[in-house]
Amino acid sequence: MTRRIEKVAVLGAGTMGARIAAHLANAGIPCFLLDIAPRELNAEEKAKGLTLESPAVRNRIVRAGLEAAKKARPAAFFTAETPQLITIGNFEDNLGWCGEVDWIIEAVAENLEIKRGLFERVEQHRKPGTIVSTNTSGLPIHLVSDGRSADFETHFAGTHFFNPPRYMKLVELIPGPKARPDVIGSLDEICDHRLGKGVVVAKDTPNFIANRIGTYSMLNVIRLMTELGMTIEEVDACTGPAVGWPKSATFRTTDIVGLDILVNVIRNIYENAAHDESREAYKVPPLIEEMIKRGWLGEKTGSGFYKQVRKGGSKAIETLDWQKMEYRPKQKARFASIDAGKQIEGTRERLQALIGPILEGKPGDKGAQFLWGSLSEMCSYAARRVPEIADRVIDVDRAMRWGFAWELGPFEIWDAVGVENMAKALEREKRPVPLLVDRLLSSGKKSFYESSHGELRYFDVSTASMHPAPEPPGIIILKSLKDRSKTVQTNAGASLIDLGDGVVCCEFHAKMNAIGGDIVSMIYAGLKRLETDFEAMVIANQAANFSVGANIMLLLISAQEEEWDDLHMAVRQFQRCNMAIKYSPRPVVVAPHGMSLGGGCEIPLHGARIHAAAETYMGLVETGVGLIPGGGGTKEMLIRANENSAGGESLGLMHALKPVFETIAMAKVSTSAEEARANGFLRRGDLIAMNRDRLVADAKETALGLVRAEYHPPAPAQIRVLGEQFIAGAKLALHMMLRGEFISEYDAVVGRKLANVLAGGALSAPQIVSEQYILDLEREAFVSLCGERKTQERIAHTLKTGKPLRN
């Protein structure tokens, strides 16, 4: 039986502690954030005549940590109001608050004695049964809690959050040596369900799973760079998206983490991994030692492997020439193998192409040689670490995907390249083949994973056989359903999938999930199925983003060829589709996640409910390409303004329309689902899922809840509009923004078109209009703007660069 966690204390307001507290607040969990009280006054405090006993002084350190979290980019908090759930204090005055909470998270410096000393003090206040965890990236968990009471130790574990905690999915959960199973279960549940994390239970070994393998990989990369005489840029060109790793690649990531942190991790592994056959690899490289001596610690000091400088009033990036130990202008890395790989979309296929020549015994270029050396060593090392650091290969892969944002974990890379092929290449080079790989091949298996009829199985080390991949209950994987023949109907852009219990899912799978005819027709097909086969529909997908909006390439072609009738028809069809969603007799729940932009925002606005992922970046961004929302988005925001206006009075509606106009005109995009609610895209009754993996299942439950409540569609909206009264105010606002150089002349043209729609046209007095009336205004404005040269320039520029043009 899991425990309810109602309040948490976070001890330590440094980078990790403050951001862990921020994410607890994001989840709606009130928390205390504590840190040390200052031991001396700073100059400002002295000038004010304050003393060490002054409240402002005693909380100065913790307040600074919280303020840093508030200013963090990317944002640590969902909204500007979220920090209100955090109460700050200090260890001297407020440690007693630990007696009021259900979970105590320690996140002070990575120093064993500091942690042990703090826990000794905490135990004087902690009430029996309170869960306690240490956030450490690698200190031995059993030593941190050693000497504490029996109740303390049975409720103790390691919870290793990855930085930044809001965005990095992984939490490594390391049970203390005497931890009760229900305590570990409770931590697993809260991290998964309430904090939205992917939990991997790790063993109490040096630096656990992700940092152990990631650090080895980093040190191996530096070794290969020096042996092959490569530049920093060349290494990062090989270890970024080319292999399914983040754009920050190796050295930009190290700069973000900090070289001092890296050195601490390296030394911790060396000191504690006495039986690691590769222990000697965990010595701080001379290059890193020299950078530390010079104070080049990365982003925190302004200089690391990269350095940002100002030249002629603009910013530029310089790169460390590690052979000369001086900075020079950043250079473009060029490898034929990497350039060719960019044309291959799938990471598995790309890896096969990049490493293929080496596996066949061919020399390959320097980029291919480097990739083979780095990936083969990392994958071999990971295979040697099982079962030392984890019993299951799937846990190692999840840790690397969730903690380092790799697309494929080490064993998934073995499978992608080919286990037999890699083993033969290692033998050819007289390098040892890991025992785990020998055991796999001896069992007759050729890969670490198999998938059949929607079930993923992994190679189990202890039995040398395939076992079903563990998945927490309450997760629906659409691909697995399709593999189990649950597809009801499909086309190139979307599919209908039977989720069970009378719920059908309309899944988008077009490129970038750009909305076109295929998606619209499949939504219609799903709505038709609701009449006979299903009780509710969920519109969702499990791609990187819900939808980036309409297919603007097709839009541009139609505009350039002056196919105005076709454009009118396409817009009208999308509007009708959204209206069909809204007025479906049976509920349609829309589950956006990631980018939900333009048309990808308009579809959710029409759902019976929105059940959004917490990390949903939603916005009506059409003005960025010189258009206005044309699929009913402007109309739906106008309806929301009517709902929010005080008593329906003109003054109240004018006040409610102001933020709507600004949000659409400035193409504002929410930085979270909670901010999307503040921006008016989500209503009060709409729901948010913290764990994106659970989004489809959660949306299904929301749909079934509506069915059980005997759902009825809303009555047709009667919309109050202000006509010229609003247009005049909007024109004044546009004029002021133009004078302040916040917008361009053409932005003002687009803004006036938008104002006309929100006003209901140039009416002489306020009146009530229908939704279709506003939709017709939307469509006319949208198509007329398509005919403008500057709009076409903006669309072309966006297609070419991925960025808006302010012409």
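## Working through a predicted model

Of the 807 residues in the chain, 55% are buried. Keep in mind that this is a predicted model. Here are a few exercises to do with the structure open.

### Exercise 1: the whole chain

Work out how the radius of gyration of the chain compares with that of a compact globule.

*Solution.*
- Start with the parts: the chain has 34 helices and 25 strands.
- Next, get the dimensions. Along the principal axes, the C-alpha atoms fill a box of roughly 80 × 75 × 65 Å.
- Now do the check. A compact globule with 807 residues would have a radius of gyration near 28 Å, and the chain has 29 Å, so the two agree.
- Then look at the contacts. Among those with a separation of 6 or more, 69% are between residues 24 or more positions apart.
- Finish on the outside: the accessible surface is about 34300 Å², and carbon and sulfur atoms account for 53% of that.

### Exercise 2: the open sheet

Find the order of the strands in the 8-stranded open sheet, then pick out its edges.

*Solution.*
- Walk across the sheet and you get S3-S2-S1-S4-S5-S6-S7-S8, with mixed pairing.
- The edges are strand S3 (86-90) and strand S8 (198-201), since each pairs on one side only.
- As you go across, neighbouring strands are turned by 25° against each other on average, ignoring direction.
- Zoom in on one pair: strand S5 (residues 131-134) and strand S6 (residues 156-161) run parallel, joined by 3 bridges. Here Val132 stands opposite Phe156 in S6.
- Now add the helix. Helix H9 (residues 181-194) packs on the sheet and touches strand S4 (103-106), S5, S6, strand S7 (170-175) and S8. The direction of H9 makes about 175° with that of S7.

### Exercise 3: two hairpins around S16

Trace the chain from S15 to S17 and say how each strand pairs with S16.

*Solution.*
- Begin with strand S15 (residues 487-490), which runs antiparallel to S16 and is joined to S16 by 3 bridges. Thr490 stands opposite Ser495 in S16.
- The link from S15 to S16 is a hairpin through 3 residues.
- Carry on to strand S17 (residues 503-508): S16 and S17 pair in the antiparallel sense over 6 bridges. In this pair, Asp498 stands opposite Val504 in S17.
- S16 and S17 form a hairpin too, with 2 residues between them. Check the turn at Asp501, where phi is positive, about 60°.
- Last, look at how covered S16 (residues 494-500) is: 5 of its 7 residues are buried.

### Exercise 4: sorting salt bridges

Take the pairs Glu67 with Lys70, Asp339 with Lys342, and Asp276 with Arg212. For each one, ask: are the partners buried or exposed, or partly exposed?

*Solution.*
- A reminder of the principle: side chains of opposite charge can pair when their charged atoms come close. The model has 57 salt bridges in total.
- Glu67 and Lys70 meet at 3.1 Å, N to O. Both lie in helix H4 (residues 60-71), 3 residues apart, about one turn of the helix. The cut-offs for partly exposed are 20% and 50%, so Glu67 at 30% falls in that class, and so does Lys70 at 37%.
- For Asp339 and Lys342, the closest N and O atoms are 3.8 Å apart. Asp339 has a relative accessible area of 25% and is partly exposed, whereas Lys342 has 56% and is exposed.
- In the Asp276 and Arg212 pair, the closest N and O atoms are 3.0 Å apart. This pair links distant parts of the chain, 64 residues apart: Asp276 is in the loop between helix H13 (259-272) and helix H14 (286-293), and Arg212 is in helix H10 (residues 210-228). Asp276 and Arg212 are both buried.
- Follow that pair outward and you reach a network of salt bridges linking Arg212, Asp276, Glu277, Arg384, Arg385 and Glu388.

### Exercise 5: Thr215

Decide which class of exposure Thr215 belongs to, and list its contacts beyond four places in sequence.

*Solution.*
- Locate Thr215 in helix H10.
- Its relative accessibility is 6%, so Thr215 counts as buried.
- Leaving aside neighbours within four places in sequence, Thr215 is in contact with Leu262, Val265, Ile266, Ile269 and Tyr282.

Definitions and conventions:
Residues numbered from 1 in each chain as written. Predicted model: local features only at pLDDT ≥ 70, side-chain atom pairs only at ≥ 80, totals over all residues. Heavy atoms only, no water. Buried < 20%, exposed > 50% of the residue type's maximum accessible area, 1.4 Å probe, protein only. Helix = DSSP H or I, 4+ residues; strand = E, 2+ residues; numbered from the N terminus. Pairing = 2+ DSSP bridges. Salt bridge = Lys/Arg side-chain N within 4 Å of Asp/Glu carboxyl O. Axes fitted to C-alpha atoms, helices over the stretch in contact; angles between N-to-C directions. Contact = heavy atoms within 4.5 Å. Rg over C-alpha atoms; globule rule 2.2 N^0.38 Å. Areas by Shrake-Rupley, 256 points an atom, 1.4 Å probe, with all protein chains shown as cover.
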